[in-house]
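Got the structure open in your viewer? Let's walk through it one selection at a time.

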Amino acid sequence: MEAAVLAGVLLLASGCGSAEMPENKETYSYASYAHPEMVGAIDVSSILSVAVNRPEGSWRVSYNPEKDTEAFYSAWEVTEGYQTVRMADISSVRTLFEAVETLAESRQGQKAGQIEEGKSGVTVIYEDQSEHEVLSVRFSLDDLPEGALMLQSLTAFDLILKLPVIENLVDLKRVELYFNTEKVNLSRKSDCWVLNGKEITQEKARALYQIVMGILLQGELEDKSKDFEVPGESLLTVRYIEKAGRTVEVIFGPSNDYRCQVEIDGAEEFWVYEEDVENIISTFTKELQ
């Protein structure tokens, strides 16, 4: 993993969870909560969900209490905007929440109005600090203060963690890589790791796994021309087999120019640099010699 990404993989310290939440807390529906008559202060630490709706696209970032443990990098997820739920980049989430805090401050004391159907707006679900009651409020994206202008252009991709998958090595039984005619099996054996039948040190296994996990998503396929989505064979397939039995499959390819599209458990939404994929292939090819 690159240092810039690791720096952002931190839990967001917040005061969430002290108020009683409805059973459908995972959806954070606007209609499920009381609405304040007047706009009040919204602190960064009180926010549970932010959803932005614009003609060019909609997305939602939400707090998942089930993942507010040491076993997860982040309890924040992009729950709308993609085919599957994506883990959020915590530094980007904090920047978003600071913009929301600025927006609420600029309209504090004003009547909390309704947004017309189909009009761009931002929906915030938060815990009122004085009453410990969860409230939902909507803001128009018109006449935003300077500190909240990012809400007009922020995308779901800006908010997600750029790793294709989040899998801890300690939770895996083995990792399989397929490229060209090769099959690489990095598997756990008792208290050590084995690479295609050859025992390697824990440090070596971690170093190899870091190279596999170091590839980063660079953009969305939806933002590229249809010429990019060309037929062809994949360059690399990686399968993560967890101790619990679940398998996560990531397919890199086909490629076009310097870009390589990515399929994550059947969903094709992103692309990575082809040279990053080739780096993984080159590293493991040398290890097999």
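Two strands count as paired if DSSP finds at least two bridges between them. Keep in mind that this is a predicted model.

**Stop 1: strand β15**

Select residues 267-273, which make up β15. This strand is mostly covered, with 5 of its 7 residues buried. Now add residues 259-264, strand β14: β14 and β15 pair in the antiparallel sense over 6 bridges. To see the register, show Gln261, which stands opposite Trp271 in β15. Between the two strands of this hairpin sit 2 residues, and Asp265 takes a positive phi near 50° there.

β15 also pairs with β11, residues 219-220, again antiparallel, over 2 bridges. Here, look for Glu220 standing opposite Phe270 of β15.

**Stop 2: the open sheet**

Next up is a sheet of 6 strands. In what order do the strands run? Color them as β4-β3-β2-β1-β5-β6, an open sheet with antiparallel pairing. Zoom in on β4 (86-87) and β6 (134-140) at the edges: each has a single partner strand, so one side of each is left without a neighbour in the sheet. For β4, that pairing is with β3 (residues 76-80), antiparallel over 2 bridges. Glu77 is the residue to click on here, as it stands opposite Met87 in β4.

Now show helix α2, residues 90-106, which packs on the sheet. This helix touches β1 (47-54), β2 (57-63), β3, β5 (121-127) and β6, and its direction makes about 80° with that of β1.

**Stop 3: helix α4**

Move on to residues 202-213, helix α4. Its 12 residues reach 16 Å from first C-alpha to last, close to the 16 Å expected at 1.5 Å a residue. Which of its residues are buried? Put sticks on Ala205, Leu208, Tyr209, Val212 and Met213. Then look down the axis of α4: the buried residues fall within an arc of 135°, so they line one face of the helix. Among the elements covering them are β7 (172-179), β8 (182-189), β12 (236-242) and α5 (274-288).

**Stop 4: α4 against α5**

Leave α4 on screen and bring in α5. The axes of the two helices come within 9 Å and cross at roughly 155°. Since angles over 145 degrees count as roughly antiparallel, α4 is roughly antiparallel to α5. To finish, display the side chains that make the contact: Lys204, Leu208, Ile211 and Val212 from α4, and Asn279, Ile280, Thr283, Phe284 and Glu287 from α5.

Conventions: Residues are numbered from 1 along each chain as its sequence is written. This is a predicted model: local features need pLDDT of at least 70, side-chain atom pairs count only at pLDDT 80 or more; totals for chains, interfaces and linings use all residues. Side-chain values use heavy atoms; hydrogens and water are left out. Buried means under 20% relative accessible area, exposed over 50%, partly exposed in between (1.4 Å probe, protein chains only). Helices (H or I, at least four residues) and strands (E, at least two) are DSSP runs, numbered from the N terminus. Contact means heavy atoms within 4.5 Å. Axes are lines fitted to C-alpha atoms, for helices over the stretch in contact, and angles run from 0 to 180 degrees between N-to-C directions. The expected span of a helix is 1.5 Å times one less than its number of residues. The arc is that of the directions from the helix axis to the C-beta atoms. Angles under 35 degrees count as roughly parallel, over 145 as roughly antiparallel, 65 to 115 as roughly perpendicular and the rest as oblique.
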